[in-house]
Amino acid sequence: FYENEEKDKAYSSLRELVNAAEKGVRYKFPDAKLCGCWKFEGEEGIPLYEIRINYVENEKKKKVYRIASSVDGKWFLKRPLLTKTPIYNHHQIKNSNKIVVMCEGARKAEDFAPKVFSDDKYIATSCFHGARGRLEHTDFTPLIGKEAMILADGDDSSKELKDSSKDLKKILLDIGASKVSI
C-alpha cells in the first residue's frame, strides 16, 4: 500500500508518519480511515508502533496494519531489527504482580479491558497484530511467573483466536507463566 522507497523515507514526527500510512492505504481504498496507533516497546527500548487503518471492500470491513519505528528522532514505516516483537505494556507487566489479561488486539487492551478489569488487580496486553500475530516471534518473557487470562472478543475471528489461544497457552506455560486460563 506504499512504495518500497517509502520504507526508507524519514518522517519528522509520528503524526506525519501516521498520516502518510493512512494516505498510502487511502490511495488504494478511498474510504480508508485511521483506527489507531499503539506503541510497543521491549527490553531493547526500541519503540515499535502498530498503525491500524480500516476500510471496506466488497461490503466487508477490513483492516490494514502498518509497522513504524523511531530512531534518533526520525520515524520510519518499517520494523526495527528486533529478535522478538514485544507485547503491549511490556515494561508495566514485567514490573507488576497483577493478573495479565491477553486481549486480541492493542485496541482492546487499551480501550476495552480497563473498563472491565480493575487496574488494581489486572493489567492488559496484546500481541502485535492481535490474534493473527506471529506468536513464535513474540517476546513473552514479561509473563514469566505471572498469571495470565486469554480473552476472546467474540467477533468473526474468535474461532481463529480460540485455535491460537491453545497455542498461546502452551507458549506461556512453556516460558514459565504460573497459570494460564482461556
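The questions and answers below go through a sheet, a helix that packs on it, and some buried residues of this predicted model.

Residues are numbered from 1 along each chain as its sequence is written, and side-chain values use heavy atoms, with hydrogens and water left out. As the model is predicted, local features need pLDDT of at least 70 and side-chain atom pairs count only at pLDDT 80 or more, while totals for chains, interfaces and linings use all residues.

Me: Which strands stand at the edges of the open sheet of four strands?
Reply: Helices (H or I, at least four residues) and strands (E, at least two) are DSSP runs numbered from the N terminus, and two strands pair if DSSP finds at least two bridges between them. The open sheet has the order 7-6-9-10, with parallel pairing. One side of each edge strand is left without a neighbour in the sheet, because each has a single partner strand, and these are strand 7 (122-126) and strand 10 (179-181).

Me: What angle does the direction of helix 4 make with that of strand 7?
Reply: Strand 6 (residues 99-103) pairs with strand 7 in the parallel sense over five bridges, and Cys103 has Ser126 of strand 7 as its bridge partner. Helix 4 (residues 106-116) packs on the sheet and touches strand 6 and strand 7, where contact means heavy atoms within 4.5 Å. Axes are lines fitted to C-alpha atoms, for helices over the stretch in contact, and angles run from 0 to 180 degrees between N-to-C directions; for helix 4 and strand 7 the angle is about 155°.

Me: How wide an arc do Ala106, Ala109 and Ala113 cover around the axis of helix 4?
Reply: Ala106, Ala109 and Ala113 are buried in helix 4, buried being under 20% relative accessible area, exposed over 50% and partly exposed in between (1.4 Å probe, protein chains only). An α-helix has 3.6 residues a turn, so residues three or four places apart point the same way. The arc is that of the directions from the helix axis to the C-beta atoms, and these residues lie on the same side of helix 4 because their arc is only 55°.

Me: With which side chain does the side chain of His90 make a polar contact?
Reply: His90 is found in helix 3 (residues 90-94) and is buried, with a relative accessible area of 2%. A polar contact is a pair of N or O atoms within 3.5 Å; within protein, one must be able to donate a hydrogen and the other to accept it, and residues adjacent in sequence count only if both atoms are side-chain atoms. At 3.4 Å, the partner of the His90 side chain is that of Asp139.
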